[in-house]
Amino acid sequence: MTASSAPDADPVVPGRGYDGCTLCCKLLGIAELGKPKGVWCGHCDIGVGCRIYAMRPPSCGEFHCGFLTLGTLKEAWRPSKCKIVVAAEAGGRRLAAYVDPGRPDAWKAEPYYSQLKEWARLAARKRNQVVVCIGPQTIVILPDKDVDLGVVGDDEMIVMQEIPSPAGPKLEAHKVKHSDPRAAKLINPT
Ligand code: SF4
Ligand code: SF4
């Protein structure tokens, strides 16, 4: 995360670089710092790097966005240009597209929306999730619709439910409290 972390970025696809990008330091939440999603980290020198690089939290040091690690993502997905940071979460069972609140509709433009829908179709087969996060707002992308869950609290999780239909089973997305006994019967990738 941030330009300063480039030297130990082993998983980075050859030819991919940071180009002064620090966008994940705004879009992602950092639990260790209590930093919410969608606001700049106070330690970020925007467009330069991390001011506390040597002491940055583990989640920062371990993070490499999808643009850096997925060779299949085209140049259009460069975070500094598209204002979207793609991240694999929940052990690879959730693909999150973090969108800059300053450009909240960026994910609806092409080629991004079609790619999100394609990922959603692939994820549905394995009961995985594709989500768009805009600050505190989470939208679950399903093959046939987008489900705006609003704010998903720290005590909540995103679950999927298979609903029978004449055309075959369809997925629904919900948020439930971790303590909700119904959660055990639903599809929970986390
Ligand atoms: S969004 Fe990606 S390219 Fe930009 S600073 Fe974060 S890890 Fe690097
Ligand atoms: S601590 Fe550093 S790497 Fe982590 S979010 Fe803040 S500026 Fe970015």
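In this predicted model, the largest nonpolar core holds 45 residues, of which Ile84, Val85, Ala97, Tyr98, Val131, Val132 and Ile141 touch the most other members. Because domain 1 (1–70) and domain 2 (83–190) both give residues to this core, it lies between them.

Ile84 may be taken as an example of a core member. Apart from neighbours within four places in sequence, Ile84 is in contact with Trp77, Pro79, Ala97, Tyr98, Val99, Ala106, Trp107 and Tyr112. Among these partners, Ala97 and Tyr98 are themselves listed with the core residues that touch the most other members.

The two domains are those given by the domain assignment of the protein chain. Their centres, taken over C-alpha atoms, are separated by 23 Å. To the contact between them, domain 1 contributes 11 residues and domain 2 contributes 11 residues. On the side of domain 1 that touches domain 2, the elements giving two or more residues are α1 (24–27) and α3 (66–69). The element α1 gives the most to that side, with three residues. By type, the residues on this side of domain 1 comprise seven nonpolar, two polar and two charged.

The surroundings of the two ligands are set out below.

| Ligand | Residues around it | Nearest residues | Division of the shell |
|---|---|---|---|
| Ligand 1 | 13 residues | Cys21, Cys24, Cys65, Pro79 and Val85 | 10 nonpolar, three polar, no charged |
| Ligand 2 | 12 residues | Cys25, Cys41, Cys44, Cys50 and Cys60 | nine nonpolar, two polar, one charged |

Val85, one of the residues that come nearest to ligand 1, is also named among the core residues that touch the most other members. Pro79, likewise one of the nearest to ligand 1, is in contact with Ile84.

Methods
Residues are numbered from 1 along each chain as its sequence is written. Chains are lettered from A and ligands numbered from 1 in the order in which they are written. This is a predicted model: local features need pLDDT of at least 70, side-chain atom pairs count only at pLDDT 80 or more; totals for chains, interfaces and linings use all residues. A residue is near a molecule or strand if its C-beta atom, placed from the backbone, lies within 6 Å of it. Ala, Val, Leu, Ile, Met, Phe, Trp, Tyr, Cys and Pro count as nonpolar, Asp, Glu, Lys and Arg as charged, and the others, Gly among them, as polar. A nonpolar core is a set of buried Ala, Val, Leu, Ile, Met, Phe, Trp, Tyr and Cys residues joined through C-beta atoms within 7 Å. A residue is buried if 20 or more other C-beta atoms lie within 10 Å of its own, exposed if 12 or fewer, and partly exposed in between; C-beta atoms are placed from the backbone. Domain bounds come from an automatic or database domain assignment. Two residues are in contact if their C-beta atoms, placed from the backbone, lie within 7 Å. Helices (H or I, at least four residues) and strands (E, at least two) are DSSP runs, numbered from the N terminus.
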